[in-house]
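Me: I would like to go through this structure by asking what justifies each term used for it. Please set each value against its definition before you conclude.

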Amino acid sequence: MRYPEVTVDSPSISTWVYPEESEGPPIGEDERVMLSIARRSARVGVIGLGYVGLPLVELFASGGFPVLGFDVDNHKIKLLSTGQSYIGHIPSSRIGALQASERFQVTSDFARLAEADAILICVPTPLGNHREPDLTAVTKTGEAIAKVLRQGQLVVLESTTYPGTTRDVLCPILESSGLKAGDDFFLAFSPEREDPGNPNFSARNIPKVVGGWDAASSRIACALYQAAIPRVVPVSTCEVAEACKILENSYRAVNIALVNELKQVFERMGIDIWEVIDAAKTKPFGFQAFYPGPGLGGHCIPIDPFYLTWAAREYGLHTRFIELAGEVNTAMPHYVVQRVIESLNDLGKTIRGARVLALGAAYKPNVDDCRESPSFEIMELLQERGAVVAYNDPHIPILPPRRNYSVRLESQPLTVEVLAEQDCVLILTDHAAYDYEFIVRHSPLLIDTRGATRHISVQGEKIIRA
Ligand SMILES: NC(=O)c1ccc[n+]([C@@H]2O[C@H](COP(=O)([O-])OP(=O)(O)OC[C@H]3O[C@@H](n4cnc5c(N)ncnc54)[C@H](O)[C@@H]3O)[C@@H](O)[C@H]2O)c1
């Protein structure tokens, strides 16, 4: 065997022996690509420079590879080329360092895809209006690649999608170029597991699952990732890799739905769900803690499982767990609003005319990402019921326009005066930047959907869990 199989325990590719291009018989395209990966002369193209694509750019550039970034958004291209970041948890200094390394270029000229030896696709995969997969960005990207595809290029889809997308959707588009996957170019799927804002895990230390279109594609894709990431997990097909990501996200969606349901049951019983979870997670096996909240948010958990739901219908099957979890999770914003109404009522107040300050517009703590954030629905439901809504989010100074929501507000300063003039303060995102003691002290009524104040003791009924 010419190349060792790339497995979890395989040695670093830098220790392998490669044929020299100048010696012996001519080498094949796969050998040529492997050689360029080992020498770190392979140029990596990353398409879609968002929350997933930008960290990948950094990963390969810091691993010694020349990287070419592509995006359709000219504003992002302009910011990156002047060393500026547009993602809160990635400071501009890191973009400046990338520029200084001289290993990074950025462009919206997709003809330059021809320059890349490996092309990683990180474009959005949202849901359409009828909760069906919207693969427009993937197919358009495929068409752009097909125009310039050349012998020996590796194409890897990283965007989350249903099993079969790489083989049945992307491959035919790429092969419309006249080149054949496995023979002329190499194709793989490798799910992105980025958790933006997580201080413990990043693209650098999250194991990378890789499934190739064929054995050669798998070998080359694994070699590329192994050159930049300590742990690569090869799987037998692209479909296994696609299904792996859907399993991970469905697992989260279902478990979050479970604790969201239990929260409501325990609340009626007078039991604090947060204390229950804290106790349960002391079990050293067989239990993993998931936490309730005001509803699901982000680009992944509320969306990805429904890609499988759609695909399963083709096989005459229903994903009942996923759909039930979706039902429970999408009802959470209504539950939160109901708790606000009841809590105001207990104080002799109505929702109509009540001043409500929502804390947190981001879908999770410490990020500026408000895609699918339940905060928007909650603010809008409160407004529809006549509340005077304001919000604060240290990471989001102005609410960006969101499909399906019309709420437009500017973040209010979190001062004693602003807190004191509210009828209700509602914690929707538990940002670390918040001083919860201060918030509790100065809020007339506090409704906490995240358990952020569970270790703060106050007299009376001031804090309501929801
Ligand atoms: N954000 C996460 O935490 C996360 C985690 C794991 C997986 N994912 C998956 O990764 C993929 C990308 O997500 P993201 O969060 O980085 O999205 P994003 O919106 O932050 O970034 C996507 C980028 O792609 C660009 N783009 C859109 N259409 C394009 C096209 N046709 N050609 C080139 N660029 C195009 C956009 O301008 C944007 O800059 C999605 O499939 C998502 O489900 C996201």
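Reply: A polar contact is a pair of N or O atoms within 3.5 Å. The model to which this is applied here is a predicted one.

Me: What makes the pair formed by R371 and the ligand a polar contact?

Reply: A polar side-chain atom of R371 lies 2.9 Å from an oxygen atom of the ligand, and because the limit for such a pair of N or O atoms is 3.5 Å, this one counts as a polar contact. The protein covers 90% of the 830 Å² of accessible area that the ligand has on its own.

Me: Which distances put K76 and H299 under that term?

Reply: For K76, an N or O atom of the side chain is 2.8 Å from a ligand oxygen, and for H299 a polar side-chain atom lies 3.1 Å from an oxygen atom of the ligand. Both values are within 3.5 Å, so both pairs are polar contacts.

Me: Which residues are closest to the ligand, and how is its shell divided by class?

Reply: The ligand is surrounded by 26 residues, of which V52, D71, K76, T125 and R371 are the closest. By class, this shell has 12 nonpolar, seven polar and seven charged residues.

Me: How do you know that β4 and β5 are paired strands?

Reply: Pairing requires at least two bridges between two strands. Strand β4 (residues 118-121) and strand β5 (residues 154-157) are joined in the parallel sense over four bridges, so they meet that condition. Within this pair, L120 stands opposite V156 in β5.

Me: Why are β3 and β8 called edge strands?

Reply: These strands belong to an open sheet of eight strands with mixed pairing, in the order β3-β2-β1-β4-β5-β6-β7-β8. β3 (104-107) and β8 (232-235) each have a single partner strand, so one side of each is left without a neighbour in the sheet. Direction ignored, neighbouring strands of this sheet are turned by 25° against each other on average.

Me: What makes β11 and β12 a pair in the sheet of five strands?

Reply: Three bridges join strand β11 (residues 424-427) to strand β12 (residues 446-448), and because at least two are required, the two strands count as paired. They run parallel, and V425 stands opposite L446 in β12. The sheet of five strands is open, with parallel pairing and the order β10-β9-β11-β12-β13. Its edge strands are β10 (388-392) and β13 (463-465), each of which pairs on one side only.

How values were computed. Residues numbered from 1 in each chain as written. Predicted model: local features only at pLDDT ≥ 70, side-chain atom pairs only at ≥ 80, totals over all residues. Heavy atoms only, no water. Near = heavy atom within 4 Å. Polar contact = N/O pair within 3.5 Å; in protein donor to acceptor, adjacent residues only side chain to side chain. Areas by Shrake-Rupley, 256 points an atom, 1.4 Å probe, with all protein chains shown as cover. Nonpolar A, V, L, I, M, F, W, Y, C, P; charged D, E, K, R; others polar. Axes fitted to C-alpha atoms, helices over the stretch in contact; angles between N-to-C directions.
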